[in-house]
Amino acid sequence: MLFGGVETGGTWCVCAIAGGPEEIVAEEQFPTTKPPQTLDRIVEFFQAGPKVEAIGIGSFGPVDLDPESATWGYVTTTPKPGWQWTSVAAVIRERLGVPVAFDNDVDAAALGEYRWGAGHGIGSLCYLTIGTGIGAGLLIDGQPWHGLVHPEVGHIRLSREHDRDSASFAGICPVHGDCWEGLASGPALEARWGMAPDQLPADHEAWAIEAEYIALGILSIVLVFSPERVIVGGGVMEHVGLLDAVRRRLRELMAGYLPTPLLGEEIESYLLAPQLDDRAGVLGAIALAQTARRC
């Protein structure tokens, strides 16, 4: 059986038809533009491909995940221009006539890594992405933890005491200014230093500051949620040496407080890169689709 997966990120949208990571029969990536054009491209992709049993969608957010809500399947209060209060899941379900499962994009990526990647079989898992934005999917026994709405860890507030130039950079989040996303996302790095992350020299001071901010954010996740593993991906994390720098700083910040070697000498087995690379999101959406068919 084949299932459809859709990952709508803030910059790119990825669609796939697959039975699993080893059986991808069709895949397409295109920019996330205005809602009508983006939704049309998604529908056209599935209309052109082989029939799917169901479709899973992992969307940038915030999103409405309450199945009893009149706005279930909507992108809600996002800062992305033009996407506020946009119906996504219902539009795709009605136009394609198949069951649809809907969640946020980082929950989908977490599911992908849990099912087929670096989080396979882990009881409590955090998948963190640092790219166009910052977000985290939190799983317990393979199920996303939503809570009141869903976690939005990218908007926690961080200490800036280590950052001597902090007063000159207000952060880029249009809602909170210098929240985690406003300070440490890819667009925040570019706004502060005048260069995209992939253009910043390896020895630029930006990377020490970035490692500090990422480690501080992960510290908060670890102390509140206590996941058994943290997987951290996204475009910013592609910088060579950044993951190791974050590991070192997280270990220092923990200071041996929690008595587990995974936050000490074995931290390389705790804080990992994604095994599915940039396909975690769309493969996680495939996993979502499989649950939709069972329902």
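Here is a quick look at one helix pair and the nonpolar cores in this predicted model.

Residues count from 1 along each chain as its sequence is written. Local features need pLDDT of at least 70, side-chain atom pairs count only at pLDDT 80 or more, totals for chains, interfaces and linings use all residues, and side-chain values use heavy atoms, with hydrogens and water left out.

**The helix pair**

Take α6 and α7 (helices are DSSP runs of H or I, at least four residues, numbered from the N terminus). Their axes, lines fitted to C-alpha atoms over the stretch in contact, come within 8 Å and cross at roughly 55°. That makes α6 oblique to α7, since angles under 35 degrees count as roughly parallel, over 145 as roughly antiparallel, 65 to 115 as roughly perpendicular and the rest as oblique.

| Helix | Residues | Among its contact residues (heavy atoms within 4.5 Å) |
|---|---|---|
| α6 | 205–225 | W207, I214, I218 |
| α7 | 242–254 | L242, R249, M254 |

The residues of this contact split into 14 nonpolar, no polar and three charged.

**The cores**

A nonpolar core is a set of buried Ala, Val, Leu, Ile, Met, Phe, Trp, Tyr and Cys residues joined through side-chain atoms within 4.5 Å, with buried meaning under 20% relative accessible area (1.4 Å probe, protein chains only). The largest one has 43 residues, and L128, W180 and I218 have the most contacts inside it. Helix α6 gives the most to this core, with 13 residues. Beyond its neighbours within four places in sequence, L128 touches residues including I134, V153, W180, I218 and I231. Another core, of 28 residues, lies apart, with L2, C15, I55 and V100 among them.

Notes. Axes are lines fitted to C-alpha atoms, for helices over the stretch in contact, and angles run from 0 to 180 degrees between N-to-C directions. Helices (H or I, at least four residues) and strands (E, at least two) are DSSP runs, numbered from the N terminus. Ala, Val, Leu, Ile, Met, Phe, Trp, Tyr, Cys and Pro count as nonpolar, Asp, Glu, Lys and Arg as charged, and the others, Gly among them, as polar. Buried means under 20% relative accessible area, exposed over 50%, partly exposed in between (1.4 Å probe, protein chains only).
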